[in-house]
Amino acid sequence: MKKILLTVMLLSVFVACKKEGKTTDTELTEVQTEEVNYMSFGEEIIADDAVSAVSMAEHYKAMHVGDSIHSKMIAKVDEVCQAKGCWMKLNLENGEQVMVKFKDYGFFMPKNIAGQEVIVNGKAYVNEVSVEELRHYAEDAGKSAEEIALITMPKKTYSFEADGVLLVEE
C-alpha cells in the first residue's frame, strides 16, 4: 500500500513540474496576434472566416455566368467610384479584379481607400456587363473620353454584392 501511495505521489510531482506553464520566445511569437481595427459599413459583419483573394479567384474560375455563392473575402482595393463611392474594384492577385457593389445601394465607401485592405461579405457571382454599363463605370472612375470610346464589347466579369464591409484602419 505504501508503494502505491509513494508511486502516486511521485507521479503527481512529475505532472506538476511539467513544462505547461513555461513558454519559450518562439512559442510566444506564434501565440501573439496583432489586434486589427476596422471601420464598418453596411450590415455588421465579423472578420473571421474570410477567404483570401487568391482563394476567391479560384472559386470564380470554376463559376459560369449566372452562378453565385455566398462568401466573405479579404482583398486590397484597386479602385473606388470617384463620383460617390458607390462601387469598388478589388484585386484578386492573379491579374483579375472583382467589381463590388453594395446591396440596395444602402451604403457607400470612402473614395480615397485605393490600396487599403477590406473584408467584404455577401454574394459572389459571375456577370456579363453591357457596353453601356462598362462605359458608365469608366466615366465614374474618371477615364478620358478616348478611353471610354474604346469600350465596344460586353465583358464577363467577376462581381460581388456586399451587404457589409470592414475597412482595415491604418
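Where do Lys 61 and Glu 58 both lie, and how many residues apart are they? Here are some friendly notes to help you find out in this predicted model.

1. **The pair in a helix.** Lys 61 and Glu 58 both belong to helix H3, which covers residues 53-61. They sit three residues apart, about one turn of the helix. The two form a salt bridge, and their closest N and O atoms are 3.5 Å apart. Glu 58 counts as partly exposed because its relative accessibility is 47%, and partly exposed is the class between under 20% and over 50%.

2. **How many salt bridges?** The structure holds three of them. As background, side chains of opposite charge can pair when their charged atoms come close. The other two are described in the next points.

3. **The pair between two strands.** Glu 79 forms a salt bridge with Lys 89, with 4.0 Å between the closest N and O atoms. This pair links distant parts of the chain: Glu 79 is in strand E3 (residues 68-80) and Lys 89 is in strand E4 (residues 87-91), 10 residues apart. Glu 79 has a relative accessibility of 21%, so it counts as partly exposed. Lys 89 also has 21% and counts as partly exposed.

4. **How E3 and E4 fit together.** While you are looking at those strands, notice that E3 and E4 run antiparallel and are joined by four bridges. Val 80 stands opposite Met 88 in E4. The hairpin of E3 and E4 has six residues between the strands, and in this hairpin Gly 85 takes a positive phi near 80°.

5. **On to the next strand.** E4 also pairs with E5 in the antiparallel sense, over five bridges. Which residue in E5 is the bridge partner of Trp 87? Look for Lys 101. The hairpin of E4 and E5 has five residues between the strands, and Glu 93 takes a positive phi near 60° there.

6. **The pair between a strand and a helix.** Lys 101 appears again here, since its side chain meets that of Glu 133 in a salt bridge, at 2.7 Å from N to O. This pair, too, links distant parts of the chain: Lys 101 lies in strand E5 (residues 97-102), Glu 133 lies in helix H4 (residues 131-140), and they are 32 residues apart. Are these two buried or partly exposed? Glu 133 counts as partly exposed because its relative accessibility is 26%, and Lys 101, at 22%, counts as partly exposed as well.

Terms used: Residues numbered from 1 in each chain as written. Predicted model: local features only at pLDDT ≥ 70, side-chain atom pairs only at ≥ 80, totals over all residues. Heavy atoms only, no water. Buried < 20%, exposed > 50% of the residue type's maximum accessible area, 1.4 Å probe, protein only. Pairing = 2+ DSSP bridges.
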